[in-house]
Amino acid sequence: MKFSVVVGQQALKERLLNGCRSGKVPHAQFFSGDPGSGNLALALAYATFTLCSQRTDSDSCGACPSCIKMASFTHPDVHYTFPVPNLKNKQGTPDFYTDWRNTLIQSPYFSYENWMLKLGAENKQGNITNEECRAIIRNLSMKAFEGGKKILLMWLPEYLGAQGNILLKFIEEPPDNTLFLLVGTNTNRVLSTILSRSQILRVPPIEDEAISRFLKETKGLDQESADRTALMSGGSMIKAEELLNVTENVFLQPLREWMNMCYALRLNEALKWADNFSGEGREVLKGFFGYAMEIMRAVAVQEILAERSGLSTQEKEFVSRFAKIVHPGKIENIYNHLNSAYYELERNGQPKYILSDLSFKFSRVIRSAD
Ligand SMILES: [Zn+2]
């Protein structure tokens with residue numbers, strides 16, 4: 001993947017290129033950012049640039065044998081590590097490598113939830129296994145096939161448990177010509193021993209203008225729709241692409257019902273609903289919270305955007321109705337509750353309890369006098 005196809009993030013691209021030009025490349029770098037920010041895309045472009053045999057001053061060539069292997073994610077000197085669900089069968093844990101390649105070929109902008117869904121494991125927790133850590137060590141101990149650098153690209157080191165500590169020796173004293181590229185979202189959840197040995201690169205949300213340009217050039221949107229969708233996306237390519245795809249979202253109906261129950265103080269009903277809906281499973285619920293946050297953000301900016309091209313007619317209807325009853329300060333409150341609930345779910349909180357608790361909180365927020 002060339003730097004030129006990574007959406008936006010010009011300042012970071014420059015910073016990475018400057019590092020390469022000066023020859024001062026840290027051997028472990030942590031690309032920390034939201035999944036839609038392009039942290040993974042940047043790391044892939046960086047790896048491609050590092051290995052390219054005919055690179056220019058500012059980008060890889062895209063045509064040399066190394067670039068061609070990188071484009072199909074089959075370069076023998078790049079080892080990819082990512083969380084996988086525990087779906088052990090008689091043959092052991094499937095390696096999911098083909099899924100990984102196919103996913104990357106489609107788009108390097110995807111979240112942990114997208115990935116688990118793709119593997120048909122939405123209710124399972126993923127992790128980076130012990131076996132995988134041993135495979136990394138085996139792999140990095142070998143000489144580079146192509147005589148250049150070896151790269152370990154680890155996506156979401158936050159899913160590395162204590163077993164990850166066996167990698168420390170490697171990160172501390174890496175074999176010659178070895179680069180560690182860690183790509184993650186939440187540095188708080190990464191083993192501190194690993195984090196402290198890496199240079200952290202904060203990947204901010206993508207500039208609206210860059211997303212808008214991308215939507216115009218590759219998705220054929222007119223300027224106005226591209227600008228609106230970019231604004232709605234909050235700097236996330238994942239959200240921008242979701243907004244393009246969504247015609248009718250399956251989460252709208254439950255969200256509408258839930259908010260109605262909270263507004264009308266039908267709390268018994270809300271508790272029954274929570275009981276029922278929590279049966280959908282943790283990962284579906286995370287998606288639901290993500291969607292609800294998206295809609296709340298649309299409610300918050302709805303005065304700025306007279307028309308929102310990213311939303312379906314029903315969603316627009318809900319958003320404008322909700323904005324009339326609930327003022328922006330309250331929306332922010334609701335958004336923050338959803339956000340905390342999302343993280344509580346990630347930390348294995350009980351779905352049923354979280355949903356019931358949220359119902360009480362929302363009723364209080366929506367009905368409060370101020
Ligand atoms: Zn090349």
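1. A nice place to start: helices H13 and H17 cross in a right-handed sense (the near helix is turned clockwise from the far one by less than a right angle; anticlockwise would be left-handed). The residues that make this contact (heavy atoms within 4.5 Å) are Leu267, Ala270, Leu271, Trp273, Ala274, Asp275 and Phe277 of H13, together with Lys352, Leu355, Ser356, Ser359, Phe360 and Ser363 of H17. Eight of them are nonpolar, three polar and two charged.

2. Please keep in mind that this is a predicted model, with local features requiring pLDDT of at least 70, side-chain atom pairs counted only at pLDDT 80 or more, and totals for chains, interfaces and linings using all residues. Residues are numbered from 1 along each chain as its sequence is written, and side-chain values use heavy atoms, leaving out hydrogens and water.

3. Back to the helix pair: the axes of H13 (residues 267-277) and H17 (residues 351-367) come within 8 Å and cross at roughly 150°. The two are therefore roughly antiparallel (over 145 degrees).

4. Now the sheet: five strands form an open sheet in the order E2-E5-E6-E1-E7, with parallel pairing (at least two DSSP bridges between two strands). E2 (78-81) and E7 (199-203) are at the edges with a single partner strand each, so one side of each has no neighbour in the sheet.

5. Inside the sheet, E1 (residues 28-33) and E6 (residues 178-184) run parallel and are joined by five bridges. Phenylalanine 31 is placed opposite valine 183 of E6.

6. Finally, helix H6 (residues 130-141) lies across E2, E5 (150-155) and E6, and runs at about 170° to E2.

How values were computed:
Helices (H or I, at least four residues) and strands (E, at least two) are DSSP runs, numbered from the N terminus. Axes are lines fitted to C-alpha atoms, for helices over the stretch in contact, and angles run from 0 to 180 degrees between N-to-C directions. Angles under 35 degrees count as roughly parallel, over 145 as roughly antiparallel, 65 to 115 as roughly perpendicular and the rest as oblique. Ala, Val, Leu, Ile, Met, Phe, Trp, Tyr, Cys and Pro count as nonpolar, Asp, Glu, Lys and Arg as charged, and the others, Gly among them, as polar.
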